[in-house]
Amino acid sequence: MATIFVIGYMASGKTTFGRALARRLGYEFIDLDFYITQRFRRSVAQLFAEKGEAWFRARESDMLREIGEMDNAVIACGGGTPCFDDNMEFMNAHGLTVLLEASEDCTLRRLLEAKKGKRPLTAGKSPDELREFIRTHKAERAPFYGKARLLLPSDDLESSRQIDLTVDRFLAMVPDLQTTQKPF
């Protein structure tokens, strides 16, 4: 498997899981949002504010295609990445897609604990507004997320032990990857 694309809603643990999986496999880890912010020297929130979502999504798709054909890479995608420009079709054609699924309560807790203003789509929302936003937004994205090849629950990514166990569960789902593991 050349590339593993980790997708899921905001705060589902894509970066946490992706980094741990890449380390275990000896693969390169790339966080797509970080890749974009390094390229444009602006945070995702700044890019949304300055350029707009349509501009950001077009650049995100470009960057996904730029890194998506790498060998032995784990790519943590932004929460909206699968929903634009046939990105799911691209990812499914170029690697393995795994959807991390966090419960609504877990997603809400993680977003409330996250830095304020870090996520442009949730900035300024009260906890009740945020819960409703999560429910509605996840439902809108479900048709895209549903195209992932694998589903992995991700509420249990809170400690290093839980992260290791989640990586173990994933590797058990994809036994072919276990034979390609490299030592640390």
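Does R42 count as buried, exposed or partly exposed, and at what relative accessibility? At 37% relative accessibility, R42 counts as partly exposed. The views below come from a predicted model.

**View 1. Salt bridge between E50 and R42.** The side chains of E50 and R42 form a salt bridge, with an N to O distance of 2.9 Å. E50 has a relative accessible area of 47%, and R42 has a relative accessibility of 37%. Both values fall between the 20% limit for buried and the 50% limit for exposed, so E50 is partly exposed and R42 is partly exposed.

**View 2. Salt bridge between E89 and K147.** In the pair formed by E89 and K147, the closest N and O atoms are 2.7 Å apart. E89 belongs to helix α5 (residues 87-94), while K147 sits in the loop between α7 (127-145) and β5 (150-153), so the salt bridge ties together parts that are 58 residues apart in sequence. E89 is partly exposed, at a relative accessible area of 37%. K147 is also partly exposed, with 32% relative accessibility.

**View 3. Salt bridge between E158 and R109.** E158 pairs with R109 in a salt bridge whose closest N and O atoms lie 3.2 Å apart. This pair links distant parts of the chain, 49 residues apart: E158 is in the loop between β5 and α8 (160-173), and R109 is in helix α6 (residues 104-113). The relative accessible area of E158 is 42%, which makes E158 partly exposed. R109, at 33% relative accessibility, counts as partly exposed.

**View 4. A network of salt bridges.** E104, D105, R131, E132 and R135 are joined into one network by salt bridges that share partners. For the model, the count of salt bridges comes to 15.

**View 5. Packing of helix α3 against helix α4.** Helix α3 (residues 44-51) packs against helix α4 (residues 53-67) at an angle of about 125°, and the two axes are 7 Å apart. At that angle α3 is oblique to α4, because an angle of about 125° lies outside the ranges for roughly parallel (under 35 degrees), roughly perpendicular (65 to 115) and roughly antiparallel (over 145).

**View 6. Residues in the contact of α3 with α4.** On the α3 side the contact is made by V44, L47, F48 and K51, which meet E53, W55, F56 and R57 of α4. By class, this contact holds five nonpolar and three charged residues, with no polar residues.

Terms used
Residues numbered from 1 in each chain as written. Predicted model: local features only at pLDDT ≥ 70, side-chain atom pairs only at ≥ 80, totals over all residues. Heavy atoms only, no water. Salt bridge = Lys/Arg side-chain N within 4 Å of Asp/Glu carboxyl O. Buried < 20%, exposed > 50% of the residue type's maximum accessible area, 1.4 Å probe, protein only. Helix = DSSP H or I, 4+ residues; strand = E, 2+ residues; numbered from the N terminus. Axes fitted to C-alpha atoms, helices over the stretch in contact; angles between N-to-C directions. Contact = heavy atoms within 4.5 Å. Nonpolar A, V, L, I, M, F, W, Y, C, P; charged D, E, K, R; others polar.
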